[in-house]
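Got the viewer open? Let's take a walk through the aromatic rings, one selection at a time.

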Amino acid sequence: MAGQDHCGVWEAGLPWGLGGSRLLRECRGQLPRGEEVEAGAAGGGGCAANRAASAAEHGTPIPGSVPPADHQARSPAPVPGPGPSVSAERPRADGAGRWARAALNPALAMASACGAPGPGGAGPGAALGSPAPAWYHRDLSRAAAEELLARAGRDGSFLVRDSESVAGAFALCVLYQKHVHTYRILPDGEDFLAVQTSQGVPVRRFQTLGELIGLYAQPNQGLVCALLLPVEREREPDLPDDRDASDGEDEKPPLPPRSGSTSISAPLGPSSPLPAPETPTTPAAESAPNGLSTVSHEYLKGSYGLDLEAVRGGASNLPHLTRTLATSCRRLHSEVDKVLSGLEILSKVFDQQSSPMVTRLLQQQNPPQTGEQELESLVLKLSVLKDFLSGIQKKALKALQDMSSTAPSTPLQPSTRKAKTIPVQAFEVKLDVTLGDLTKIGKSQKFTLSVDVEGGRLVLLRRQRDSQEDWTTFTHDRIRQLIKSQRVQNKLGVVFEKEKDRTQRKDFIFVSARKREAFCQLLQLMKNKHSKQDEPDMISVFIGTWNMGSVPPPKNVTSWFTSKGLGKTLDEVTVTIPHDIYVFGTQENSVGDREWLDLLRGSLKELTDLDYRPIAMQSLWNIKVAVLVKPEHENRISHVSTSSVKTGIANTLGNKGAVGVSFMFNGTSFGFVNCHLTSGNEKTARRNQNYLDILRLLSLGDRQLSAFDISLRFTHLFWFGDLNYRLDMDIQEILNYISRKEFEPLLRVDQLNLEREKHKVFLRFSEEEISFPPTYRYERGSRDTYAWHKQKPTGVRTNVPSWCDRILWKSYPETHIICNSYGCTDDIVTSDHSPVFGTFEVGVTSQFISKKGLSKTSDQAYIEFESIEAIVKTASRTKFFIEFYSTCLEEYKKSFENDAQSSDNINFLKVQWSSRQLPTLKPILADIEYLQDQHLLLTVKSMDGYESYGECVVALKSMIGSTAQQFLTFLSHRGEETGNIRGSMKSGSALIRMRQEQRAKPPLCPEAARSPGQGAASQPPERPPVHSPSYLKNQRNHHQLGGPQPHLELLPGRSP
């Protein structure tokens, strides 16, 4: 049987590339293992509603539904009846409320729970008041469903969960012979339910889920076996004090504002002036130092008193201060020597004579010196360095002047070439207008956009019906912003400046995405040629998070904005430089949205003398996130999106949850999530679930990437807030370690760190090293005492000091991001939490401009896959296909179903695609430099339920080579690691023509029908030998250390 094939890539039953992860331990039997899931029952034919809805969703006509190809080979006694299909169904309009109609009445529940057929015909009226049956698991994930069925372990065990691929549909999961078979249950146009079937099989319709389960509880109804044993939902153990109230001193959650969730988008208008922030009065000696200031701190704490006594005794010098200064500057001696040595070589290029003073300083031996002598020697070197720099500039100027006067009159060869001028380029477009724009109805919407790069003009030309022309000219400085549509790849929004700083946006539809890209390149060339302002490739981002404790903030929060306090802080020079983006996340913030935003803008104005622009603000009760940017970046921001998720009591209260903001900064996507998770030392599992709910439900970013959770939708994602993870250690031990400033033992018992090590939360996220004390729970009004006990109606509750307030981030591979500071303030004492700050240096991309000039329309690059192999954590034996997404593609692409699969471990399946099954990807631009900044997003989906079994992102930056290259990365789904994927790719026009000649069948969508036996008849080509375990281990270690990924060849070619 196919499911029992062994493969050399599994070393001792272990999947490649999993290291010491949770998956590996499951494979070794150290954790509970799920059982195997197989797609398919025989039979099939979906109703017309199914096929029509699927075609509407995917934009592709669906000829018919087909049973899985592997079912006939493995099912012991296939019987005709409903089975899985590959088409996708339209979303349900009524959402979560659909359950009321599909509920099971008590009689039917009893019958189906016992495995007996229940009475049919339970009408919707009888079902409306029924509670959800125990076998219905609502939003349970596919992986969790497999684990529950594996624990049940008996044939006929079943459960129903919500479909992950179609909103409003259900998935029926049945265990049989250690395989879990998944069937989709879809509603039709009349709101009846039916198991999706293959072509030719009559469709059975049911008014409720209870009726459907009752019928299939009987034998010989077309499923792989009868539904015998319902698997019930797992109940969380009742914990004391389970109200999940505020962490502040109030016993009840704070009342929400009038609107539970609010969002304010920029611009918000001018803010009212605020009082100037007061200067902090905390003595310098009381703040924790870092870097070179440590020596000064020690002097002020110790030797300062000795010098004071010496002065009182009549001394005229300060020996201890002199020694401190000499110690602080000792490293400067060697650094200045290196600079002088290099400058001496540069000086000899222009003048063969050396500086005697420099030579003497570099050659002299430094005998032991006193502190005062060391300082004198350093001052002398710095004086010589200053004079030497001035002398080099004079020498260089004189030498170049002499060269220009004696040079031949014939100019150098490069200067004989005149700069090639770019001719005026014209683009035929259509103006995209809404029905509400009544003035445009009935008029011609065809335009010609003419770009004059040399003249710095854009001309909009519209031809009238009477052959007259109407045109408008915009100079380069009046073109404010280009906004590329994410939903329609050939649509572009252009923002023009009108009189009195007013702007107007026009949306144009180009012939193709390639034409749109060419137009954007020309406009960017024009802006660069005539504008003095360069596009940034690096920006600075400030992230702040603070649980305000339901009290107003103090007048002075300067230390938070300037990253001053404890931990890794910025130096005195860097702290004065304004950041490009400020993001403030707060919890238990009782200040109104408008008032809070005005306070932030006023404080930034006082600090930076800049009027920062609010991009967006989102709030959920008293959880808020606000984003502000420099005025110069306002026109670089687009595609702003906001969202919120409630995770409070029963996921209906907003005292706990998350708010998020996302946007594009030129060509780079950013996401920001501020959350407040469940409180309580013992509620780690609930916090984990809060995180997973937010990850799944927060709606941010490009809607075309809905197949991916938010951790893969953005180039850079920042996640911060009061995560509420605590320390698992006795309170007195914690206090002793804090008093000694020994944080490492505490970080080893930090719940967030422990859960991340288990891969339960924040998979592949990063966090800067923590070097500041726990930020919770302080006595209000002081930072010297932790208030770790709290009187509650149920008794005394212990809140151990913990790092509840955190900042984490996740970025695409091979992108630039550096955390420059991570710490907390020590002078803001109104709350029992200290504000936390983090600053980041982040790489961004702008509109691409080829250094080789505009590419020809015939130029084409190809990304071609030789093979792909995935090891997926599943007990399923269904077929799979892959979807490919990227901003460099006009549209996403699909592969055929895999042509080989095997398993020698019940919890993992290895699936393989040969070159015949994989699509050729054609990027919009053929320039290699453009492709180096691009990423491919892949999702592995099942053919039976169209659900994702794992997603990943692959960087193209280091994959360019002359031969076929390999990639290897992890798969994840819903925040859980679900396997690995690797492949081999290459490109080139000749190879593509060879492939096209070898292909004998036309392209098919994964939903398309296959002729019987087609999968078995076509044998994949001979595969290269499987890599040795040592090679895979080296590859795995290479990726875990953050090294470059294996290469992918991307060669520009010509269209065949």
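How many aromatic pairs does the count come to? The answer is 35 aromatic pairs, and keep in mind that this is a predicted model.

Start by selecting Phe 672 and Phe 718. Their rings are stacked, with 5.4 Å centre to centre and 10 degrees between the planes. Now colour by secondary structure: Phe 672 belongs to strand β21 (residues 668-676), while Phe 718 is in strand β22 (residues 716-722). That puts the partners 46 residues apart, so to speak a link between distant parts of the chain. Switch on a surface and try to find them: Phe 672 is buried, at a relative accessible area of 0%, and Phe 718 is buried too, also at 0%.

Stay on strand β22 and pick Trp 719, then add Phe 762. Here the geometry is edge-to-face: 85 degrees between the planes and 5.4 Å centre to centre. Phe 762 sits in the loop between α20 (751-757) and β23 (789-792), 43 residues from Trp 719, so this is another pair linking distant parts of the chain. Both Trp 719 and Phe 762 are buried.

Next, a group selection: Phe 542, Trp 546, Trp 560, Phe 561, Tyr 582, Phe 584 and Tyr 612. Ring pairs join these residues into a cluster.

Last stop, charges over rings. Select Arg 142 with Tyr 949: the arginine lies over the face of the ring, 3.7 Å from the ring centre. Then go to Phe 192, where the charged end of Arg 205 sits over the ring at 4.4 Å from its centre.

Note on methods. Residues are numbered from 1 along each chain as its sequence is written. This is a predicted model: local features need pLDDT of at least 70, side-chain atom pairs count only at pLDDT 80 or more; totals for chains, interfaces and linings use all residues. Side-chain values use heavy atoms; hydrogens and water are left out. Rings of Phe, Tyr and Trp (its six-membered ring) pair if their centres lie within 6.5 Å; planes under 30 degrees apart count as stacked, over 60 as edge-to-face and the rest as tilted. Helices (H or I, at least four residues) and strands (E, at least two) are DSSP runs, numbered from the N terminus. Buried means under 20% relative accessible area, exposed over 50%, partly exposed in between (1.4 Å probe, protein chains only). A charge sits over a ring if NZ of Lys or CZ of Arg is within 6 Å of the ring centre and within 35 degrees of the ring normal.
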